[in-house]
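Welcome! Here is a short, friendly tour to go with the sequence and the 3D view. Take a look below, then read on.

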Amino acid sequence: MSELVATLHEAIAALAASDRSLKRFGARVHRYVLQPPSTPRADLPDDLRELVATFASGGAGPYYGWQIGTRYRLRDRDALPIGHMGCGYAAVIVDGAVWIDASAIDVVAPIHPSFTAYYLDWIDRLANGVLPDAFVPPGVCALASALGGYLGVHEQRLGIAPGTISGEALADALAQLGPGAIEIAAQRSPLYADGTRVDPCIACARLLEQLAGDGLAADVVAQGLPPLPLR
């Protein structure tokens, strides 16, 4: 076992031990479980091929964990899905680097130089109590638009300016949202069919956390379904 692989196993074990209730972002899905190593595919970049052969073939990792999908075309480039980042957005490998494919909101860009860098950044952040980067601007996801529209209706009824609802009025509006009242649906995702219910991205999770302080219940957003590569 290489030093890197041994270090990764120790890091995952330490993260799992410090989060037994699975409260960290994405932990409810990947549960800090690693899939056994396997014979790597020939089309993987060198670092990922080595990790698949010696460390794991998927499981616990950035955002909602990692898995290797099937290549597809992303803006005239070959892209390999490796995980769900929330809201249907995918982490993909393009020319050896990790990109975000959030085509539904027109965010497609490189985010890490390699899979190894992507994975180590996640471990380092969680070990220091820092969320992974969202890589999408706040307020652009469908969830933010839906909540904004919902609160806008209440503002109209109250006769107040848009974006000014607060205090008891905000708490009352949020309290009217029951369990599973909001579903996030994937759009233009390489991991899900359009309309599939998915879990929130980091940007949306931050919004939900903020609104929780105003009275939004934790179960208002329905839990997402496992990713199913389309290609």
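**A helix pair and a pocket**

The axes of helix 5 (residues 142–158) and helix 6 (residues 167–175) come within 10 Å, crossing at roughly 130°. Angles from 65 to 115 degrees count as roughly perpendicular and those over 145 as roughly antiparallel, with the rest beyond 35 being oblique, so helix 5 is oblique to helix 6. Please keep in mind that this is a predicted model.

**How helix 5 and helix 6 meet**

- Two packed helices are described by the angle between their axes and the distance between the axes.
- The handedness can be given too: helix 5 and helix 6 make a right-handed crossing.
- On the helix 5 side, the contact involves Y150, L151, H154 and L158, which meet A169, L170, A173 and L174 of helix 6.
- Sorted by character, the residues of this contact between helix 5 and helix 6 comprise seven nonpolar, one polar and no charged.

**The largest pocket**

- Next, the open space: the largest pocket holds about 820 Å³.
- Its lining is made up of 24 residues, and those nearest the centre of the pocket are K23, F25, P200, A205 and A218.
- Helix 2 (27–30) and helix 7 (202–212) each contribute at least two residues to the lining of the largest pocket.
- Which helix gives the most to that lining? Helix 7 does, with four residues.
- By character, the lining of the largest pocket consists of 16 nonpolar, three polar and five charged residues.

Notes:
Residues numbered from 1 in each chain as written. Predicted model: local features only at pLDDT ≥ 70, side-chain atom pairs only at ≥ 80, totals over all residues. Heavy atoms only, no water. Axes fitted to C-alpha atoms, helices over the stretch in contact; angles between N-to-C directions. Left-handed = near helix turned anticlockwise from the far one by under 90°. Contact = heavy atoms within 4.5 Å. Nonpolar A, V, L, I, M, F, W, Y, C, P; charged D, E, K, R; others polar. 1 Å grid on protein atoms, 1.4 Å probe; cavity = no way out; pocket = protein on both sides within 12 Å on 5 of 7 lines; lining within 4 Å. Points joined across faces, edges and corners; volume = space filled by probe spheres on them.
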